[in-house]
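Let's take a walk through a protein together. Have a look at the sequence and the fold below, and then we'll go through some of the details.

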Amino acid sequence: MTTSDPAPTAAAPLRYTAFSTDPNGGNPAGVVLDAGALTDGDMLTIAAELGYSETAFLTRTEAAPTATPTATPTATATAPTPRTYTVRYFSPLAEVSFCGHATIAAAIALAERIGPGPLAFTTPAGLVPVDVAPGPDGRLRATLTSVEPHHTPAPAADVAEALALLGWSADDLDPELPPGYAYAGAHHLILAAATRSRLADLDYDFDGLAAFMRARDLTTLQLVRRTSADTFHVRDPFPVGGVIEDPATGAAAAALGHYLRALSLVPARATLTLHQGDDLGRPGVLTVDLDEHDPRIRVSGPAVPIPDPAG
C-alpha cells in the first residue's frame, strides 16, 4: 500500500514477529488494526486463540493526545488522524498494561499500510510515542519511547522466594548487578545471573512463580547475563500470561535500561544491545537507547509478518 491508501480496517488478526527480520525469530504478536467494535471478551478470545504472549488491539483516536514534540502527530482537535491510536494488550489469560514487542509489531504493521513516520499510542500505562523509519538495511524499524520509568531495590525476602521458585541459589547471582524492581510501562523483577550457563538452564515452578508475580503485580521476571559493557543476554519467564517464556520483551528491556542507568551501571547516555530468544530457538535483538536529558527509555527493533499457518 501507499501513504494515500485509506486507514486499514480489521479482518482476521495479523501475525507479526518483533525484534527479528526472520519470521522464525523474535517474539510473535497478534495485531488487530481496528478493534473499535470488539468487546473485552472478544479481545481475550482472539488473544487466546492466537496463543501468542500478547496481542495488540488498536482503535483510531478522534483527537490527537498531548505528546512530546518529537512524537506529536499532525492532527486537528476534532478530525481523526491515522497516526493516533488507543492500544490495549491482551495475553491469552488477561489484559496487560503495556507490551513492547506488540507495540513494535503494531507500529510496523501500520507503517506498511499508512507509511512510516511518527505514531502516538495511548496505552493503559500512558502515552507511548513510536517512530517508524527505514533502517540501514532498508527494512522498517520502530522505536518506542517509554512512559517515565522508576525502580526500587528488591527486598531480600522477595529475592529469596524468587530464587527458590527458579531453582537458583544466591551464588547464582551476579553481585555487581543487585536485584531490583523496575518499571517502564509494566513491572519486572530484575535478577542477574553470574554465568551464561545459569541463564541458559531455566526450569522453574510455573504455578508458584505465577502466584509470586501476581502478588507483586509483575509482568515478567527479567533474567539477565551481562557479557560486555553494553551487551546482555536476557530471558523473561511469563507465567502470569499463561506463557512459560517471552522470546523478546520490549517492556522489560526498557525497565532494564532504566535500572542500569539509575544504578550507574552504564553511562547516562548509552546504547545497549539485548540478545533474547537464543535459548528458545527464536533469536532476536533489542536496541535500548538512554539519554541523559530524558528519563524515558527508547527501545528499537524490526518486525516482519509471520506467514499464515492456514496458508
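What follows starts with the overall picture and then moves to particular side chains.

First, a word on what you're looking at: this is a predicted model. The protein has 311 residues, and 54% of them are buried. Its secondary structure comes to 17 strands and 6 helices. How do the contacts spread along the sequence? If you take the contacts between residues at least 6 apart in sequence, 67% of them join residues at least 24 apart. As for the outside, the protein exposes about 12300 Å², with carbon and sulfur atoms supplying 55% of that area.

Now for the aromatic rings. A search of the whole structure turns up 4 aromatic pairs. One of them is made by F57 and F90: the ring centres are 5.7 Å apart and the planes sit at 90°, so this pair counts as edge-to-face, which takes an angle over 60 degrees. F57 belongs to strand β3 and F90 to strand β4, so the pair ties together parts that are 33 residues apart in sequence. Both F57 and F90 are buried. Compare that with Y204 and F206, an aromatic pair that is stacked, with 6.2 Å from centre to centre and 20° between the planes. Is each partner here buried or partly exposed? Y204 has 11% relative accessibility, so it counts as buried, while F206, at 30%, counts as partly exposed.

Strand β4 also brings us to the charged side chains. Across the whole structure, a search finds 15 salt bridges. In one of them, the side chains of D40 and R88 meet at 2.8 Å, N to O. D40 lies in helix α1 (residues 40-50) and R88 in strand β4, so this salt bridge ties together parts that are 48 residues apart in sequence. D40 is partly exposed at 44% relative accessibility, and R88 is partly exposed too, at 23%.

Another salt bridge links E292 and R269, at 3.5 Å, N to O. Where do these two sit? E292 is in the loop between β16 (284-291) and β17 (294-305), and R269 is in the loop between α6 (250-262) and β15 (270-276), so the pair ties together parts that are 23 residues apart in sequence. E292 is partly exposed, with a relative accessible area of 40%, whereas R269 is exposed, at 55%.

Next come R296 and D294, whose side chains meet in a salt bridge of 2.8 Å, N to O. What about their surroundings? R296 has a relative accessible area of 15%, so it is buried, and D294 is buried as well, at 12%. Salt bridges can also join up: R196, R235, E245 and D279 are linked in a network of them.

Finally, let's stop at R83, which you'll find in the loop between β3 (55-60) and β4 (84-90). R83 is buried yet has no salt bridge. Which side chain of opposite charge is nearest to R83? That is D131, and it is 7.7 Å away, while a salt bridge needs the atoms within 4 Å. What R83 does have is a backbone partner: a polar atom of its side chain lies 3.0 Å from the backbone oxygen of G115.

Note on methods: Residues numbered from 1 in each chain as written. Predicted model: local features only at pLDDT ≥ 70, side-chain atom pairs only at ≥ 80, totals over all residues. Heavy atoms only, no water. Helix = DSSP H or I, 4+ residues; strand = E, 2+ residues; numbered from the N terminus. Buried < 20%, exposed > 50% of the residue type's maximum accessible area, 1.4 Å probe, protein only. Contact = heavy atoms within 4.5 Å. Areas by Shrake-Rupley, 256 points an atom, 1.4 Å probe, with all protein chains shown as cover. Lys, Arg positive; Asp, Glu negative; His and termini not counted. Polar contact = N/O pair within 3.5 Å; in protein donor to acceptor, adjacent residues only side chain to side chain. Phe/Tyr/Trp six-rings, centres within 6.5 Å; stacked < 30°, edge-to-face > 60°.
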